[in-house]
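This report looks at one protein model, with attention to its empty spaces and to one of its sheets. Please view the sequence and the coordinates before reading on.

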Amino acid sequence: MCLRFRFLSVFLLLITALSCTEANHPKQSLSQDPVQLRLWYEAPATEWDEALPVGNGRIGGMIFGSVGTERIQLNEESLWGGSNVDNNNPGALENLPEIRRLIMNGEIIRAKELAEKYLLGDPWIDNSYRTLGDLFIRFHENPQEPVSYKRSLDLQTGIARVSYVLENDTIKYALFSSAPDDLLVLHVSTTDPNGFDGVELSLTRVEHALVTAYDQGLTMKGQIIDVEAPGHGPAGAHMRFGARLEIHSFDGMITEKDSSIALYGGREAIVTLTAATDYDLPSMNFDRSIDPVKKSKSILESVREVSYKDLLARHSEDHQSMMNRVVLDLGGWEKDRIPTDRRLKNFQEGAKDPALKALYFQYGRYLLMGSSRAPGRLPANLQGIWNEHIWAPWGSDYHVNINIQMNYWPANVTNLDETVAPLVDFMQALTIPGTVTAKNMYGADGWAMHHTTDVFGKTGVMDGVHWGMFPLGGSWMMFPLFRHYEFTQDTTYLLDKAYPIMRGSAAFILDFLIEDDKGRLVTVPSYSPENSYILPGTDKEYKLTYGPTMDNQIIHELFGYIHSVSEITGEDPAFLKRLDETLERLPEIQIGSNGTIMEWIEDYDEAEPGHRHISHLLGLHPGTQITRDTPEMFEAARRTIERRFEHGGGHTGWSMAWIINFYARLLDAEAAHKHFRLLLEESTLPNLFDTHPPFQIDGNFGGTAAVAEMLLQSHLGYLHLLPALPDAWNSGRITGLKARGNFEVDMEWTDGNLQRVRVVSHAGLPLKLYYDGHEAELPTSPGEVFYFSPELNRL
């Protein structure tokens, strides 16, 4: 009898162990049921900021849902004005020593005069990312008021839909941008038994394009003509572009009408559309062997025999495979019954809506998927890929003094590793012109860029010395490149792609630094983006300086990355020695007389104490120098943020998003949540786009990253679970978040307390966990799954 019980005990233990595998853990596994993720409205968009975006990384569309004549605004990611020219100032290297001497001596006025003359690039004004044009669909000439109107965007399927009843005719259409097939697909239908009565489709662009009709569709052919303008670079016929629209299938008759086509008789039509330019990324120049119209035609021909059902299935499978990796449930999903614009207005008037916050979080993931992934080749710009302008605000360019970095903060932590690839390829291409900038401007090895660039790789000083004197802009761009390795543990990527770029940036820094009168190594000329100080003894505002705090924090992080690589390769000991010697001589982070982190090397008065940039807190986020282990700096960082708000700070969407991330790193859950509310209340448009103002997409991405940062942090070598969980998110769950070390984390909490944790170790690294005073540490194997109690006991 005793032996039988012993055998039964061993058997039950074996069954229990087997039940802890991935395939047999139904009781411990957190629910994967999807929540409703949609934006929906009961009226058409009256302006662009109300339209709904679709994108596949390369082709974007903004659908208005207009009654009578629909407008779908179109974008192709590489359509830019301008051309590839060397914009480095030929007088830079010769005059650099004198400019440096003047800055170090405090003769800023004269230094700025020389810098404007000898350091400012030519051209020094970016051109602009440009709209491809518009697709108009005229259903009715003078429509009556529709009934049962609805337009929506389903984030989980990536499909925008419009439906309404007009004179007993139900019109429905759905739009998606397919990544597998590299095109837009539009499905249009009517319930009118006589079918469409001359539904007219037309492509338009305000300049530089010709549209022609053919038997099955429309062709747009164009070339950007840049006119002579001071500071903008050469005039002339530059980028060529083309678009092709095809009636993929229709059960009626198609007629040509001037530069449009019309549909008669049928009740259902499938329209496909794509576009191309002659831009080439590796060279960051035009490739005149590319015929954009032929390329567009070829893409459409490749799907001509593919049914709509299969086009939709391929798109859905691809989109959902990325979108559904992460589920965030904060409750309150019954609010989805209220149209999104009304929900937002209610929220802005004080209503509680945790589901709207979860929707905003997922919207950021959706937008990053839509603006930075294959088939796209370029990273997300200031507006992702969505832009209706010929001349966009700030050119919709690539600002690298916070904005493009922020675009990629959510990429890895929200399980969208693929979105980083276009950024890496872009940075790799930039090292070529960047090498010229480092050598010709500064006499330095490696490569460099300043505060902004375009698709043609301009790496000289842009937008004036006042705004553009930021030689470490490229070095800050190394953060997302190394972070991608930290999260994926892909050593092939690290050694073949990221490390050569990172090493080149570090090599530039070593040559760029010079000694000041105190024996410190300092960057000069430089600035602290984009704030100004009051020059002592004057009432004048200046940015030009030496050794700003942000520069030193960037250098500390980058040199740390190089050290991490050396631990893998064991190479570059002489280079590492130079890095270590340099780090010892950098200025330390200082606390000013007002208790805040000093932004500059001197304790200057700020021209704008409430400035939107808080560059000197890079060491708190996204850097790692200011932590709980540096308590004096930790509190000074908090005081820095408070002082910004005391003077009106956080007034732009992206700035508010950064502040939420700061508070998450400060482990201040309630402050983080308060400012997340403010992000939605003050800086969010009706279609949930972030506004600077105007629209700028970085705030969406920064907001999404901030939510993840409140729920999971891993920058200090361990997984900190629910580090900044606010009272307003009392109960909830998150599945699919990623942590450094390539861990995937699911969590569920109730009444503010962690209930269950699931961790998948994809790389097999040691796992360290921390939650509310509890710690756990254990070895792992690749693919191993772990479950933990609230006390972090392994289940």
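In what order do the four strands of the open sheet lie, and is their pairing parallel, antiparallel or mixed? In this predicted model, the order is E26-E27-E31-E32, and the pairing is mixed. The edges of the sheet are formed by strand E26 (712-713) and strand E32 (774-778), each of which pairs on one side only. Strands of a sheet pair through backbone hydrogen bonds, in either a parallel or an antiparallel manner. E31 and E32 run antiparallel and are joined by five bridges, and histidine 774 in E32 is the bridge partner of tyrosine 771.

Confidence should be considered before the spaces are examined. The mean pLDDT of the protein is 94, with 96% of its residues reaching 70 or more. Residues 1-34, however, have a pLDDT below 50, and this stretch has 29 contacts in the model beyond near neighbours in sequence. Where pLDDT is low, the predicted coordinates should not be read in detail.

Empty space is revealed by rolling a probe the size of a water molecule over the atoms. The largest pocket holds about 740 Å³ of space, and of the 31 residues that line this pocket, Glu486, Ser714, His715, Gly717 and Arg740 are the closest to its centre. Helix H13 (478-488), helix H15 (549-569) and strand E31 (767-771) are the elements that give two or more residues to the lining of the largest pocket. The greatest contribution to that lining comes from H15, with eight residues.

The structure also holds six cavities of 30 Å³ or more, and the largest cavity has a volume of about 170 Å³. Among the 15 residues that line the largest cavity, those closest to its centre are Trp409, Arg483, Arg665, Glu709 and Arg740. Two or more residues of the lining of the largest cavity come from each of helix H9 (409-413), H13, helix H20 (698-711), E26 and strand E28 (732-739).

The table sets out the residue classes of the two linings.

| Space | Nonpolar | Polar | Charged |
|---|---|---|---|
| Largest pocket | 13 residues | ten residues | eight residues |
| Largest cavity | seven residues | three residues | five residues |

Read together, these descriptions place Arg740 among the residues closest to the centre of the largest pocket and also among those closest to the centre of the largest cavity. H13 likewise gives two or more residues to the lining of the largest pocket and two or more to that of the largest cavity.

Key
Residues are numbered from 1 along each chain as its sequence is written. This is a predicted model: local features need pLDDT of at least 70, side-chain atom pairs count only at pLDDT 80 or more; totals for chains, interfaces and linings use all residues. Side-chain values use heavy atoms; hydrogens and water are left out. On a 1 Å grid over the protein atoms alone, a cavity is a set of points where a 1.4 Å probe fits but cannot get out, and a pocket is an open set with protein on both sides within 12 Å along at least five of seven lines; lining residues have an atom within 4 Å of a point. Grid points are joined across faces, edges and corners, and a volume is the space filled by probe spheres set on the points. Ala, Val, Leu, Ile, Met, Phe, Trp, Tyr, Cys and Pro count as nonpolar, Asp, Glu, Lys and Arg as charged, and the others, Gly among them, as polar. pLDDT is the predictor's confidence in each residue, from 0 to 100. Contact means heavy atoms within 4.5 Å. Two strands pair if DSSP finds at least two bridges between them.
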